Amino acid sequence: MDLRARPTATATAAATSSSSSDDDNSPGTPKGHPPPPSVLSQSLTSIAHLANLLPTGTLLAFQLLTPVFTNNGSCDAATRPLTFLLLLALAASCFLACFTDSFRTPDGQVYYGFATTSGMWLFDSQGASASAGTRIPDLSKYRMGFIDVVHAVLSVLVFAAVALRDKNVLTCYYPRPDHETEEVLDIVPVGIGLISSLLFVIFPTRRHGIGYPVTAGQ
């Protein structure tokens, strides 16, 4: 008759846990790692970062008004053209905002204007002239240049890329896209985002117009 003590359930579970832990820590056992993000998700993240290059007011208006105009993506014969007019107005706002600039006077006042071929036209020129102690800089150095046109076109393209990734806009105009259309809607915004990001680096701008922050030294 064998009088050896039988192993308890707790001891058996501890031994099993220790064995599985040793197996996980063994050199030949690969550790579980989360899969790396796909190229598409990384590209879409870069497009989201490109949205920071748009005027804040225009981007906020797009985020607030798009669900209302598209009825949360359920467009009909009336809301579809209204949504198109909204997108055109916001794209024009992005284009024109690239030609605005500002400067800060020694007394802390910030004045905005529109860049022209001869200089900057102040929106509040009478207020700047009437303000005591206001020293207006030479406005001819704020004249329109080739970089402003490039940034205006790029801003419209970036806005188009952001709009094409919005689910309300997509379901409004393409409620049930076919395979080819879906591929185009996935590829085109990514391509626009990557090319625009490269051109923004090649052609930087120093303007601080409407919808863009004004630095302390501006």
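This report describes a helix pair, a small set of paired strands and the salt bridges of a predicted model.

## The sheet

In this predicted model, 3 strands form an open sheet in the order β1-β2-β3, with antiparallel pairing. Strands β1 and β3 (120-122) stand at the edges, and because each has a single partner strand, one side of each is left without a neighbour in the sheet. Direction ignored, neighbouring strands of this sheet are turned by 40 degrees against each other on average.

Strand β1 covers residues 100-104, and 4 of its 5 residues are buried, so the strand is largely enclosed by the rest of the structure. An edge position in the sheet therefore goes together here with burial of 4 of the 5 residues of β1.

## Strand pairings and the hairpin

Strand β1 pairs with strand β2 (residues 110-115) in the antiparallel sense, over 5 bridges, and within this pairing Arg104 stands opposite Val110 in β2. The hairpin of β1 and β2 has 5 residues between the strands, and in this hairpin Gly108 takes a positive phi near 95 degrees.

On to the other pairing: β2 and β3 are joined in the antiparallel sense over 3 bridges, and the bridge partner of Phe114 is Trp121 in β3.

## The contact of α4 with α6

Two packed helices are described by the angle between their axes and the distance between the axes. For helix α4 (residues 79-97) and helix α6 (residues 146-164), the axes come within 8 Å and cross at roughly 145 degrees, and the crossing by which α4 passes α6 is right-handed.

On the α4 side the contact is made by Leu87, Leu90, Ala91, Cys94 and Phe95, which meet Ala152, Val153, Ser155, Val156, Phe159 and Ala163 in α6. By residue class, the contact of α4 with α6 divides into 10 nonpolar residues, 1 polar residue and no charged ones.

## Salt bridges centred on Arg207

The model has a count of 3 salt bridges. In one of them Asp101 is joined to Arg207, with the closest N and O atoms 2.9 Å apart. Asp101 lies in strand β1 and Arg207 in the segment after α8 (179-202), so this pair ties together parts that are 106 residues apart in sequence. Both Asp101 and Arg207 are buried.

Another salt bridge links Asp148 with Arg207, and here the closest N and O atoms are 2.7 Å apart. Because Asp148 lies in helix α6 and Arg207 in the segment after α8, the pair ties together parts that are 59 residues apart in sequence. Asp148, like Arg207, is buried.

## The salt bridge of Asp186 and Arg165, and the network

A salt bridge is also formed by the side chains of Asp186 and Arg165, at 3.3 Å from N to O. Asp186 lies in helix α8 and Arg165 in the loop between α6 and α7 (167-173), so the pair ties together parts that are 21 residues apart in sequence. The relative accessible area of Asp186 is 30%, which makes this residue partly exposed, and Arg165, at 31% relative accessibility, likewise counts as partly exposed; the partly exposed class runs from 20% to 50%.

Salt bridges that share partners join Asp101, Asp148 and Arg207 into one network. Through its members, this network involves strand β1, where Asp101 lies, and helix α6, where Asp148 lies.

Conventions: Residues numbered from 1 in each chain as written. Predicted model: local features only at pLDDT ≥ 70, side-chain atom pairs only at ≥ 80, totals over all residues. Heavy atoms only, no water. Axes fitted to C-alpha atoms, helices over the stretch in contact; angles between N-to-C directions. Helix = DSSP H or I, 4+ residues; strand = E, 2+ residues; numbered from the N terminus. Left-handed = near helix turned anticlockwise from the far one by under 90°. Contact = heavy atoms within 4.5 Å. Nonpolar A, V, L, I, M, F, W, Y, C, P; charged D, E, K, R; others polar. Buried < 20%, exposed > 50% of the residue type's maximum accessible area, 1.4 Å probe, protein only. Pairing = 2+ DSSP bridges. Salt bridge = Lys/Arg side-chain N within 4 Å of Asp/Glu carboxyl O.
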